[in-house]
Amino acid sequence: MKWTGLNELREKYLSFFESKGHLRMKSFPLVPLNDKSLLLINAGMAPLKPYFKGEAEPPCHRVTTCQKCIRTPDIERVGKTARHGTYFEMLGNFSFGDYFKHEATAWAWEFITKTLEIPADKLYVSVYLEDDEAYDIWTKEIGVAPDHMVRLGKEDNFWEHGAGPCGPCSEIYFDRGPEKGCGSPDCKVGCDCDRFVEFWNLVFTQFDNDGNNNYTRLEKSNIDTGMGLERLACIMQGVDNLFEVDTVQNIMKHISRVANVEYGADKKTDISLRVITDHIRSTTFMVGDGILPSNEGRGYVLRRLLRRAARHGRLLGIKGVFLSEICDTVINENLSEYSELAEKREFIKKVILNEEERFNDTIDAGLAMLNGFIEETAKTDDKVLDGELAFKLYDTYGFPLDLTVDILSERGISVDEKRFDELMQEQRARARAARNADDSAWKVKGDAFKDAAATEFTGYAENESEAEIMAIAVDGELTDAAAEGQSCVVVLNKTPFYGEGGGQIGDIGSIKSESASLTVTDTKKTATGVYLHHVTVDVGMIRVGDKVNAAINAERRDAIRRNHSAAHLLQSALRKVLGNHIEQAGSYVDEHRVRFDFTHFSAMTAQELAETESIVNAEILKGLAVETLVTDIASAKAMGATALFGEKYGDTVRVVKMGDFSAELCGGTHIDNTAKLGLFKLVSESSVASGVRRIEGITGLNVLDYIHKNAELMEQTASALKAQNVNDIATRANAVMAELKATAKTVDELNKKLAQSGIDEIVKNAKEIGGLTVVATELSGVDADTLRMTAELIRDKNENSVVVLACPADGKVLWAACCGKAAVAKGAHAGNIIREAAKITGGGGGGRPDSASAGGRDASKIAQAIDAVFAAIEKI
């Protein structure tokens, strides 16, 4: 048995099964596609479920993969033991109705004993206690000694998950030797000690469970095997756990160098090293697969992992951010299989850096608050932190619950998680209510259209269609008719109206019958493909069964088409200018503009914006033909079509292709040639969320309107500046600014003279209190700058002075305070003094010991506040 590196093991496995007629498939993304039952891919077979269920035809009936996986149920135990981790890779070979037990067992044994040269006497095999077929294959065909075979019960060796396909399984174990065991004479396969390590599970899916534990034989049996790559590497490298495997160790060594610590020297340090090592592996791959930190779903899992790792960096004494540096090593160690990480390196690092910086901005304040909570909770009998306090930490400082739990557990305190969850649900309910507030017009009681047949959409080819009314709903209730003046929702058997979706707004227009005329104000589409036309009956009455003419507002649709096609050109241009890490994060297209959200972590420069705009316009001027192709998802991806990450696509997809410049999966409406966009103009770029930028542009006649409005604005500006023409605006503006600057300087000098002229009068009323010269009075008719300047001039005349000045302004109060050097040395503090005065006048403020300012809302209390100033100074 030869030492073998993790990357070499992966390649050996995949190559072996390729030699057995298997199609090698790349790992699927960690984000499940078309599977809402999973938050993240957690097993090798998870992305292949449609093939096992017969819902889709596999590209080959023999498949082998190495699948990235994330599991987080035991996240709080990661680090505390060396067994637990959140990220792992699962090797698998699969048969969809092709080979079965004989081949699966033979090839498994061949790979283990011949390819890897693991001694047979180190191997044990378990089978389901009733699976005599598998037992005989192992012993009589493969040649496993009966004393190396174990029969186990249903809980260990029978795979099922409720109703559906299921079957017995065989597990292969490696004997690490008696020195790794518990010492019991009964130690054997199934013992909880570390001697016998299960590393490969072969599931024989041959039955169907009806849900009542009645099993029938499947017409076609399947094979589903899973072997943890890191666990196999532990065996081949003779190490105790995944953190000692070569590639994982290299990551940990990098962390150790940054923290200047050594693994194995201290138990607490080791916990933090394991946490960071595991979590940076998970987060690097998650971000690489398009997941961004958020407070919901898989984005929240990412945030939890990153913030837990950042906190353990603090425990190791690491100052500042460091995780983005470590992810370089994660990427380098995995490039042989996941070359796409190199392309996304900078993006991954930016996401991780941004999230770590955000957490660093709040962690100190959050920890200070938590420590206060801990002190109070430690005094209680039950040692349980109030769930409302845990929620406050989450809501104010971004502390994920498990991070709070983690810190509390170190002090022997738990948290009321039930109350925390209740508050989370309340917050989500409020958010849902806000999102749904404007949706009432589309709510139909009892899901009235759930049984309606899908609407035939004709809008790709025509602007109007002859149709029949299939259903009507008034005030959310199905009805047979709607009369003049009523608003209702109408369903047709076919329609040219586009239902809002894919970022494109719904169409408007008209529906007419022989006796009625309707205005369509919006169109939406249900998940079952039913188009809902929101209409007002202008003339006559409509009935279910009426024959009608449905016509969209064609001019509006053409503008929408131009903007939607511009969105496709824009995405390709952004990738050329900013890099291939650009992913669509949202879009909105109407007749006025295109709005495109994309993943990027810094504001675009003026040069980048200009370059992007130029590229789009160059493609417009080429007059590229816009082709629409309907094909399967695999063919679409083969031609390089861009898919919206995580979006669910059916068996057939629509590809919109613009020359060789752009190809995207899209169900929206488009022009047939890029020249019809006319011109494209970017009008804004901004941030909408952490790591997400928003860019807006216009096309066609909207650009012409933009030019006209800007020309008018320039004419108005030239007139206001008294410029001879618009070409002189910049010159005239600079001259005006210079004039204003000179005027401001003159005003400052005059204010200073005015302030100086009145100082002697103000100082006459000074009071001597405890060796301090205190000037506290009200001035009138001065601005904030003059008030401050006056206070400074008085202070500079006497080092023992304490100056507090107030000025009423429109019922409010301006405050300024200054203390001389000697006064500060005696305990005077301008910031503290003025804060108390401002409070009395209903305001607030503060500042340095020698200078401060504040504001108030109640000028009637200035005298009371000044009295308080004298009283406060007497206490110094």
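User: What is a salt bridge here?
Analyst: This is a predicted model. The carboxyl oxygen must belong to Asp or Glu. Its partner is a side-chain nitrogen of Lys or Arg, and a salt bridge needs the two within 4 Å.

User: How many salt bridges does a search of the whole structure find?
Analyst: Side chains of opposite charge can pair when their charged atoms come close. Searching the whole structure for such salt bridges gives 53.

User: How far apart are the closest N and O atoms of D175 and R195?
Analyst: D175 sits in strand β7 (residues 164-175). R195 lies in the loop between β7 and β8 (196-209), and the pair links distant parts of the chain, 20 residues apart. The two form a salt bridge, with the closest N and O atoms separated by 2.8 Å.

User: Is D175 buried or exposed?
Analyst: Buried means under 20% relative accessible area. D175 has 7% relative accessibility, so D175 counts as buried.

User: Is R195 buried or exposed?
Analyst: The partner of D175 in the salt bridge is R195. R195 has 18% relative accessibility, and the cut-off is under 20%. R195 therefore counts as buried.

User: Which residue meets R345 in a salt bridge?
Analyst: R345 belongs to helix α12 (residues 345-378), and its partner belongs to helix α10 (residues 323-334). The pair links distant parts of the chain, 17 residues apart. The N to O distance is 2.7 Å, and the partner is D328.

User: What is the relative accessible area of D328?
Analyst: R345, at 17% relative accessibility, counts as buried. D328 is buried too, because its relative accessible area is 19%.

User: Is D672 buried or partly exposed?
Analyst: D672 and K676 meet through their side chains in a salt bridge of 3.0 Å, N to O. The relative accessibility of D672 is 46%. Buried means under 20% and exposed over 50%, so a value in between is partly exposed. D672 counts as partly exposed.

User: Which residues are joined into one network by salt bridges that share partners?
Analyst: Here salt bridges share partners. The network joins E388, R419, E422 and E426.

User: What is the C-alpha separation of V330 and M252?
Analyst: V330 is in helix α10. V330 has a relative accessible area of 0%, so V330 is buried. V330 and M252 are 78 residues apart along the chain, yet their C-alpha atoms are separated by 9.8 Å.

User: Which residues does V330 touch, not counting residues up to four places away in sequence?
Analyst: Sequence neighbours up to four places away are left out. The residues touched by V330 are then I251, I280, R281, T284 and F285.

User: Why is helix α14 largely enclosed by the rest of the structure?
Analyst: Helix α14 spans residues 401-409. Among its buried residues are L401, L403, I407 and L408, together with D402, T404 and D406. The helix is largely enclosed because its buried residues number seven of the nine.

User: In which order do four strands form an open sheet?
Analyst: The edge strands are β23 (584-589) and β28 (680-689), each pairing on one side only. The pairing is antiparallel, and the order is β23-β24-β29-β28.

User: Which residue in β29 is the bridge partner of V594?
Analyst: Strands β24 (residues 594-599) and β29 (residues 692-699) run antiparallel. Six bridges join them. V594 has as its bridge partner in β29 G697.

User: Which helix packs on the sheet, touching β23, β24, β28 and β29?
Analyst: The helix covers residues 554-578. Its direction makes about 30° with that of β24, and the helix is α16.

User: Which residue in β22 is the bridge partner of E464?
Analyst: Strand β22 (residues 547-552) is mostly covered, with five of its six residues buried. Five bridges join β22 to strand β13 (residues 464-474), and the two run antiparallel. E464 has as its partner in β22 A551.

User: Which residue in β22 is the bridge partner of G509?
Analyst: Strand β18 (residues 509-512) pairs with β22 in the antiparallel sense. Four bridges hold this pairing. In β22, G509 is matched with I552.

User: What is the area of the nonpolar surface patch made by L679, V683, Y706 and I707?
Analyst: Y706 is found in helix α19 (residues 700-720). At a relative accessible area of 31%, Y706 is partly exposed. Y706 joins L679, V683 and I707 in a nonpolar surface patch of about 310 Å².

Definitions and conventions:
Residues are numbered from 1 along each chain as its sequence is written. This is a predicted model: local features need pLDDT of at least 70, side-chain atom pairs count only at pLDDT 80 or more; totals for chains, interfaces and linings use all residues. Side-chain values use heavy atoms; hydrogens and water are left out. Buried means under 20% relative accessible area, exposed over 50%, partly exposed in between (1.4 Å probe, protein chains only). Patches are made of residues with over 30% relative accessible area and no salt bridge: like charges are joined within 9 Å, nonpolar side chains (Val, Leu, Ile, Met, Phe, Trp, Tyr) within 5 Å. Accessible areas come from the Shrake-Rupley method with a 1.4 Å probe; for residues, only the protein chains shown count as cover. Two strands pair if DSSP finds at least two bridges between them. Contact means heavy atoms within 4.5 Å. Axes are lines fitted to C-alpha atoms, for helices over the stretch in contact, and angles run from 0 to 180 degrees between N-to-C directions.
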